[in-house]
Amino acid sequence: MEFQVNNSPFNQEQSELLNRLLPSLTESQRIWLSGFLAASQAGAAMAAVAATAVQEAPAASPAPVISKEVTVLFGSQTGNCNGLAKKLSKKLEEQGLQVTLASMADFKPNNLKKLQNLLLLVSTHGEGEPPDNAISFHEFLHSKRAPQLEELSYSVLALGDTSYEFYCQTGKDFDKRLEELGGKRLAPRVDCDVDFDEPAAEWMNLVLGSLSSASAVPAAGIAPGESVTTATESDYSRTNPFQAEVLENLNLNGRGSDRETRHIEISLEGSNLQYEPGDSLGIYPENHPRLVDELIAAMGWNADESIAVNKNGELRSLREALLRHYEITVLTKPLFEQVAKHPSGAALNELLASGREQELRTYLSESDLLDLVTDYSLAVIPAGEFVSFLRKIPSRLYSIASSPKAFPDEVHVTVRSVRYEAKGRDRYGVCSVQLAERVESGDRLPVYIQHNSNFKLPESPDTPIIMIGPGTGVAPFRAFLGEKEETGAAGETWLFYGDQHFSTDFLYQIEWQRWLKEGVLTRLDVAFSRDTDKKVYVQHRMLEKSRELYNWLQKGACVYVCGDEKKMAHDVHSTLETILQQEGGMSPEEASEYLLGLQQQKRYQRDVY
């Protein structure tokens, strides 16, 4: 149905504008618009009633206006949900709503039964697990102590990565459990992949529309990727990265090492980007030109064909689109399912059949896009159609290895190159090998700062800290110690560091030794796994020093762990539990509860990946 002058109350110009706008709206935008119009109408009606009452009633003190209360909780490992929660809270407050914003770790679960409106923003960590600062809230909500919540209205925004099997699992858990406890959804849960800006903005608009409709307050919409900034904040962000100049690119490993670890110094001059030790640097990488060219050749595509790279219809050559805009090294189940719907991809349905889940997982984890198109003879699919199946290339986050006080207008990162062979082809870490092979001093990289409130130095400079970071996991601790040197913080520091060989793989060795000599670093324990007959890792050094480590914990020390989540961080956590049992006489359950308490007190923080 179209608006016309003779079938609506609109004039010709208004009708033409509406006819152009309405067909372009998404379903969520239509829902939001309905809520907005309903709220506006309700607001006008209330104003008319109020005016009549003023005329008819004797003068009296105006009745107090009670703003609707909304609680916004976030569970975030790297800071994305934290940033989105702040953005949402600002918009809610602009509507005149009373907002309580908190990390799930800081929220007292017993207050749940007092809430009327609850908005949860949560990522999924590891294999479907909640992020560290959401663990205790997740456990409470799924325990027998969780109250019935019949008076609660809620909605969930879930962040995840479709390349993982348990995509957005934590958000799904919360959404399901709140419903089981009697809660009613303000808006449907939205699950976001790594390119989360647009779906997150749509979810926020749905929530704002629902709340404004209920409280008769017009909602202010959020544009996809909209940044909430003040005069002192940078204009550059995840959705608008800064083109930063590379100042230095050095190999930290010695001659003969099996590894290549790059120390990269980047200028932030002119960006107004600010960071603290514990934050991360996001870098938008480029795919390897060789893989792009091999993919184009295998599909018989024209490298110069024009391809739309976003919803605004911006055109780039196919080669540039595959090089800079689309992910081609990681296969996801949604991509596999999309291709399987195409007539030439029907054979893919065999792996999607019930009972073959493990085979599918294995194929997805061991293959890239070139494998997919050659294994299943997909060359008949046109480039434009095939590219529409792909997701945007995600940024890579690296723990910042510098203190802004020690290196003003600079940011340093520590990146280990990933190279291996599989199925007869060389494979590359997308960003790590780009930085190692194709980035030199003077080149520019699109970067942004990812703030991480979950990995910060203690508020008191006198608090002792224990840092555990093998390999590139040591990067943030270079930032920590650089900061402590600049500020003169008095708290004791203890670093556990490990790698393969002392002679070739001792990253930042000279700096650690200088800080030891100057007293910035109090203790250093190292483990070089290939220098002894029996492999020794950081957790073994921790056990050797278990009595001293336990005493540090008793003195109030904070523990920081950075590095591989699947193996190292798990082993370190188990070792901490063992030390608590051996030295503190705790049961396994008590040791586990003790570490959970440390996390809630922000005395046990992890930056793991």
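This section describes the sheets, the nonpolar cores, one buried residue and the confidence of a predicted model.

Across the chain the mean pLDDT is 88, with 86% of the residues reaching 70 or more. Two stretches fall outside this description. Over residues 38–67 the pLDDT stays under 50, and the model has eleven contacts beyond four places in sequence for this stretch. The pLDDT is also below 50 over residues 227–231, a stretch that has seven contacts in the model beyond near neighbours in sequence. Where pLDDT is low, the predicted coordinates should not be read in detail.

In strand 1, which spans residues 69–75, attention falls on T71. This residue has a relative accessibility of 7% and therefore counts as buried, the cut-off for that class being under 20%. When neighbours within four places in sequence are left aside, the contacts of T71 are with T100, F107, L115, N117, L118 and L119.

An open sheet of six strands, paired in the antiparallel sense, follows the order 12-9-16-7-8-13. Its edges are formed by strand 12 (396–399) and strand 13 (410–416), each of which has a single partner strand, so that one side of each is left without a neighbour in the sheet. From one strand to the next the twist averages 40°. Strand 9 (residues 280–283) runs antiparallel to strand 12 and is joined to it by four bridges, and within this pairing L281 has Y398 of strand 12 as its bridge partner. Helix 14 (residues 430–437) packs on the sheet, where it touches strand 7 (242–251), strand 8 (261–267), strand 9, strand 12, strand 13 and strand 16 (444–450), and its direction makes about 70° with that of strand 12.

The largest nonpolar core comprises 36 residues, of which L322, L372, L378 and F386 touch the most other members. Two or more residues are given to this core by each of helix 7 (289–299), helix 8 (318–324), helix 9 (333–341), helix 11 (357–366), helix 12 (369–375) and helix 13 (383–387), and helix 7 gives the most, with five residues. The surroundings of L378 can be listed in full: not counting residues up to four places away in sequence, L378 touches M299, V339, S344, G345, L348, L372, V373 and F386. Another core, of 26 residues, lies apart from the largest one and has A187, F196, W203 and L208 among its members. In soluble globular proteins, nonpolar side chains tend to be buried together.

A further open sheet consists of five strands with parallel pairing, in the order 19-18-17-20-21. Strand 19 (523–528) and strand 21 (604–608) are the edge strands, each pairing on one side only, and the twist from one strand to the next averages 10°. Within the sheet, strand 17 (residues 465–468) and strand 20 (residues 558–563) pair in the parallel sense over four bridges, with Y560 in strand 20 as the bridge partner of M467. Helix 20 (residues 565–584) packs on this sheet and touches strand 17, strand 20 and strand 21, its direction making about 155° with that of strand 20. Helix 15 (residues 475–487), for its part, lies across strand 17, strand 18 (493–499) and strand 20, and runs at about 150° to strand 17.

Technical notes
Residues numbered from 1 in each chain as written. Predicted model: local features only at pLDDT ≥ 70, side-chain atom pairs only at ≥ 80, totals over all residues. Heavy atoms only, no water. Pairing = 2+ DSSP bridges. Axes fitted to C-alpha atoms, helices over the stretch in contact; angles between N-to-C directions. Contact = heavy atoms within 4.5 Å. Core = buried A, V, L, I, M, F, W, Y, C linked by side-chain atoms within 4.5 Å. Buried < 20%, exposed > 50% of the residue type's maximum accessible area, 1.4 Å probe, protein only. pLDDT = per-residue confidence, 0-100.
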